[in-house]
Amino acid sequence: MPTSTLQPGRAERLTGLAHNGDVEALADEVLAYTAGYTGDWGRESREVTDALDLVAPECRPELLMAILERCCRVTDTEQRRVTNDLLKILVKPYGRATTADSAAVALAFAARHTSYFGGAEQRHMAQLLLDAARPLPPEVVAMMRRTAAHGYWDSSGQLKPLLDRLDAPPLNSGEAWADRALADVASLASEEAGRWLALLRHAATATSARPAPKWEATGRRLLAELTDPGDRLRSWLALVGRPRTIRLNRTQWEYDVNEAFDQFNSTPLRGLVWLAAFLPDHPETPRLLGALVETSLRKVAGLGPRNPKVANAGVHALSRIPTEEALAQIARLAARITYKGTLKELNAALDARAAALGLTRDEVEELAVPAYGLTEVGRRVEHFGDASATLDATSGTVTVTWRNANGRIVRSVPASVRSGHPEQLAEFKAAVKDVEKMLSAQAERLDRQFLAARVWPFEAWRARYLDHPLVGTLARRLIWLVDDVPCGYHDDALRTHDGTQITAGGTVRLWHPIGRELDEVLAWRGWLETRQVTQPFKQAHREVYLLTAAEENTRVYSNRYAAHVLRQHQFHALTSARGWRNRLRMMVDDSYEPATRELPRWGLRAEFWVEGVGDDSDADVTESGAYLRIATDQVRFYPMNAPENYAHAGGGGYEQWVHQDARPTEPVPLAEIPPLVLSEVLRDVDLFVGVASVGNDPTWQDGGPGGRFREYWASYSFGELSGTAQTRRDILERLVPRLAVADRATVEGRFLVVRGDLRTYKIHLGSGNILMSPNDQYLCIVPRQSAGSSTGDVFLPFEGDRVLAVILSKALMLAKDTEITDPTITSQLRR
C-alpha cells in the first residue's frame with residue numbers, strides 16, 4: 001500500500017509556506033514528502049496538492065522551477081518517479097500556452113530536460129515568444145535541437161525550419177567543453193571569432209561515418225586560416241566528459257541523461273575530433289584523443305556506451321596521425337577497449353599500419369610501445385633546474401620521488417618546480433599517467449599471449465620485451481622458455497631457478513605451468529617468493545584445469561561451473577575484459593547467443609551457456625529492463641565456423657539455427673581440446689563465477705530478494721573450493737607462517753582460521769565470508785573498495801587477486817578483535 005499520510009504538522013507547514021509565498025522552503029517540504037511517498041497523486045496525497053494550489057499565481061512558475069531543480073538531483077528511482085509525476089501536474093497549465101508568458105514558463109521547464117513536449121508544441125510556444133519580440137534562451141534552443149536530433153520527439157519535422165531561421169550559437173550550452181568553446185570564441189576579436197565560428201559550423205556537418213575528401217579539404221583550409229589553433233582546440237577536447245554545467249532532469253524511463261553526451265553537440269564534437277588529426281604534431285594530441293575514446297565509451301545507466309560515434313572518430317583521428325605517440329595510443333586502446341564496434345576500428349587501424357610497414361600485427365603492437373622518457377628499464381630521472389623527480393616502475397607500481405635543490409627527498413612537488421617549470425611539470429605528470437595506463441594495457445596483452453602461443457626470435461624478444469624501458473618492467477617479473485629452458489631475470493641476467501645464466505638462444509615463449517613437472521613449478525614458486533618478485537599476473541601460481549572424470553562422462557560439455565547465480569553486469573564486464581563476446585540479457589522476447597570466446601589460433605569457439613533469472617519485479621531487473629542476475633550452465637567448444645547457438649533470454653535451452661536441409665554442428669569432445677586451451681577457458685569461467693557470484697556478497701545472508709537464493713548463498717559462501725580458491729589456499733599455507741599473526745592463524749581445509757581474543761573466526765578461502773565460534777555464527781564485514789591496500793607489508797607473489805587481499809586484511813584485523821572500533825562489527829562480536 002502507498003504511504004498516504006503526512007508527518008504530524010507537515011500539512012500545516014505546507015499551508016503556511018504556501019500562504020507566505022516561501023517557494024524555496026515549500027519546495028524542500030515537497031521533496032521531503034516525495035522521499036517517503038510511493039503512491040500516485042490523487043486522494044491520498046490531496047493535502048499536498050491542495051497546499052500547492054494556495055500559492056499565489058505569480059509565484060507558481062518559481063515554485064515549479066524550484067521543485068524541478070531539486071528533482072534534477074534526486075537519485076532514488078521511486079522518488080524521482082513520484083516527483084516527476086507531480087511536475088507533470090504543475091506544468092500542465094503552462095503546456096497549453098496561449099501567451100508569451102506561459103510559453104516562456106513551459107519552455108524554461110522543458111529546457112531542463114533532454115526534451116519535453118512534442119515538436120509541434122515546442123514550435124508553437126517558441127513562435128509565441130518570437131512574435132512578442134522575445135528571444136529564445138540558449139538553453140531552450142539547445143533542448144529544441146536535442147528534440148530535432150532525436151527524431152522520435154519531432155517525427156513530423158516541425159522544429160527544423162524554425163531552428164534554421166534562428167541566429168543561434170553553433171553549439172548547445174550545458175556541457176563543459178561546449179561552454180568553454182563558446183566563451184573562447186566570444187572573447188576574440190570579430191574577425192578571428194568569425195573564422196572560429198566558420199570552423200565550428202563546418203564541424204557540425206560531420207554527419208557521415210568518415211570525413212569525405214571535400215569535407216577534409218575544407219577543414220584543412222579553415223584550420224590554416226586560424227592563428228595557432230592547436231592549444232585552443234586541445235583545451236576544448238580535454239573537457240569532454242566533464243559533469244554537465246546545466247544539469248537535466250531524468251524522467252522515468254530515460255537513461256542517465258547527465259552522464260550522456262548532448263545529442264546535438266555530438267556531431268560537431270565528432271568533426272572537431274577529425275580536425276585534430278590535421279593539427280601540427282604535438283605529443284598532447286594523441287594523448288587527448290586516446291582519453292577521449294575511453295571517455296566516450298564509458299557506460300551510462302540505461303544507455304550503454306556514452307557515444308560510440310565520437311569514440312570511433314577518435315580512433316580515426318589517431319589513425320591519421322603518423323607519429324609513434326598516436327600508434328602507441330591505438331595499441332593501448334586495442335588492449336583495453338571491449339566495445340565491439342570501436343575495437344573493430346582499432347584492429348583495422350593496427351592492421352593498416354602493419355600492412356604499411358610490412359610487419360605482422362603482433363610486431364606492430366610490440367613496436368608501438370613508447371619509452372615515455374625512461375632511460376633504463378622502469379626508471380626516468382627528470383631534472384627541473386636544480387630539483388629532480390625519479391619515476392620508478394620496476395616493481396609494478398609507479399612511484400615518483402621528488403628531490404629539492406639540496407638533493408633532499410621531499411613529499412610533494414618543490415615550489416621552484418611549480419613556479420619555474422610549469423609546462424615541463426605538466427608534461428612529466430602526463431607521462432606518469434601514460435606509463436600507468438600503458439603498463440596495465442601491456443600486462444593484459446601479455447596475459448593473452450598464453451592462448452596466442454606466440455614464439456619470438458631471441459634477439460627480437462630481448463629488444464621488445466626484456467630490455468624495453470617500459471615492457472621490461474613486466475617481462476623481468478615473468479618466467480620464459482628460451483629454447484624450452486625456463487628462466488627468469490635476476491641480478492641483471494636471465495637465469496634458471498638454480499642460478500645458471502642464459503645469454504643467448506633461438507626462440508622464446510611464455511612459460512605456462514600446464515605440462516611442466518610439479519618439481520619445476522614448485523621450484524619457480526619458491527624462486528619468486530625468495531626474491532620477493534610480484535608477477536604482473538598469475539603465472540607460476542596459475543591455476544591448471546585438467547579434464548575430470550565427470551567431464552569424460554559428459555564427453556562434449558563441462559558442468560563444472562553450472563548452477564551458479566551471478567550478477568549479470570559484473571559478469572558482462574569480466575567477459576569483455578577477458579576477450580569474450582557477450583550481450584546483456586534483457587527481460588524481453590528475444591534470443592541470445594551464449595558468452596563466447598573465439599580462439600582463431602586453435603580454430604575453436606568456446607561457449608559458456610547462461611540465462612536470465614527472475615521476473616519483472618524491480619528486484620530482478622534494472623530500470624532499462626536488463627536482468628540483474630543470470631544462472632550458469634554448460635561450457636562447450638565448437639569449430640570456429642560452426643553455426644551459433646541461441647536461447648531465449650529467460651532460458652529454455654540453446655539450439656543452433658541452421659537451414660532446414662543442414663544438420664547442426666556437434667560440439668568438439670573435451671578430450672580433443674588442447675590441454676592449454678581447456679585450462680585457460682575454464683580458468684576464465686572460474687574467474688567469472690568466483691568474482692560475480694552473489695555468494696560473494698557478505699550482505700546476502702538472507703538470500704537476497706525474497707530469500708530465493710539463501711540455499712545457494714550458503715552453499716557457495718562456505719562450500720567446496722574452486723580452482724582459484726585452491727591456489728589461494730596453497731599460497732596462504734606458505735604465507736601464514738611469515739605473517740605477524742602467525743601464532744593466531746592456520747589454514748584448515750576450506751578456511752583460514754584466526755584466533756582473536758573475543759572469538760575464533762573461519763574465513764572461507766573462496767568467498768571471503770566469515771563464520772565465528774562457538775556456533776558458526778555469521779560475521780558480516782563489507783570490505784572497502786581499497787581493501788587490497790590494507791594488508792600492510794605482506795608480500796603477494798602476483799597482482800590481481802582482490803579476494804586474497806580481502807582475506808588477509810580480515811585476518812590481520814580479526815586477530816586483534818579487541819581493537820576493532822567499527823560499531824557494525826563490534827555489535828556482531830558481542831552478541
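Here are some friendly questions and answers about the predicted model above.

Me: Before we start, what pLDDT do local features need in this model?
Reply: Residues are numbered from 1 along each chain as its sequence is written, and side-chain values use heavy atoms, with hydrogens and water left out. This is a predicted model in which totals for chains, interfaces and linings use all residues, side-chain atom pairs count only at pLDDT 80 or more, and local features need pLDDT of at least 70.

Me: Which strands stand at the edges of the open sheet of five strands?
Reply: Helices (H or I, at least four residues) and strands (E, at least two) are DSSP runs, numbered from the N terminus, and two strands pair if DSSP finds at least two bridges between them. The five strands have the order β20-β21-β22-β23-β24, with antiparallel pairing. Each edge strand has a single partner, so one side of each is left without a neighbour in the sheet; these strands are β20 (745–748) and β24 (777–779).

Me: And by how much are neighbouring strands of that five-stranded sheet turned against each other on average?
Reply: Axes here are lines fitted to C-alpha atoms, for helices over the stretch in contact, and angles run from 0 to 180 degrees between N-to-C directions. For the sheet β20-β21-β22-β23-β24, the average turn between neighbouring strands, direction ignored, is 30°.

Me: Which residue in β21 stands opposite valine 747?
Reply: β20 and β21 (residues 751–755) run antiparallel and are joined by four bridges. Opposite valine 747, β21 places leucine 752.

Me: What is the bridge partner of arginine 597 in β16?
Reply: Another open sheet, of four strands, has the order β13-β17-β16-β15 with antiparallel pairing. β13 (565–567) and β15 (595–599) are at its edges, each with a single partner strand, so each has one side without a neighbour in the sheet. Five bridges join β15 to β16 (residues 604–613). In β16, arginine 597 has as its bridge partner alanine 606.

Me: Which glycine takes a positive phi in the hairpin of β4 and β5?
Reply: β4 (residues 387–392) and β5 (residues 399–403) run antiparallel, with five bridges between them. One bridge pairs aspartate 392 with threonine 399 in β5. The hairpin has six residues between the strands, and the residue with phi near 105° is glycine 396.

Me: What about the hairpin of β5 and β6: which glycine in the turn has a positive phi?
Reply: β5 is joined to β6 (residues 409–410) by two bridges, and the two run antiparallel. Tryptophan 402 stands opposite valine 410 in β6. Five residues lie between the strands, and the one with a phi of about 85° is glycine 407.

Me: Where is phenylalanine 117, with its positive phi, found?
Reply: Most residues other than glycine have a negative phi, and most peptide bonds are trans. Phenylalanine 117 has a phi near 70°. Its place is the loop between α6 (100–110) and α7 (119–131).

Me: Which peptide bond is cis, with omega near 10°?
Reply: Look at the loop between β23 (770–772) and β24, where proline 774 is located. The cis bond leads to this proline, running from serine 773 to proline 774.

Me: How far apart are the closest N and O atoms of glutamate 294 and arginine 332?
Reply: A salt bridge is a side-chain nitrogen of Lys or Arg within 4 Å of a carboxyl oxygen of Asp or Glu, and the structure holds 64 of them. Glutamate 294 and arginine 332 form a salt bridge with a closest distance of 3.2 Å. The pair links helix α15 (residues 284–296) with helix α17 (residues 324–336), 38 residues apart. The distance asked for is 3.2 Å.
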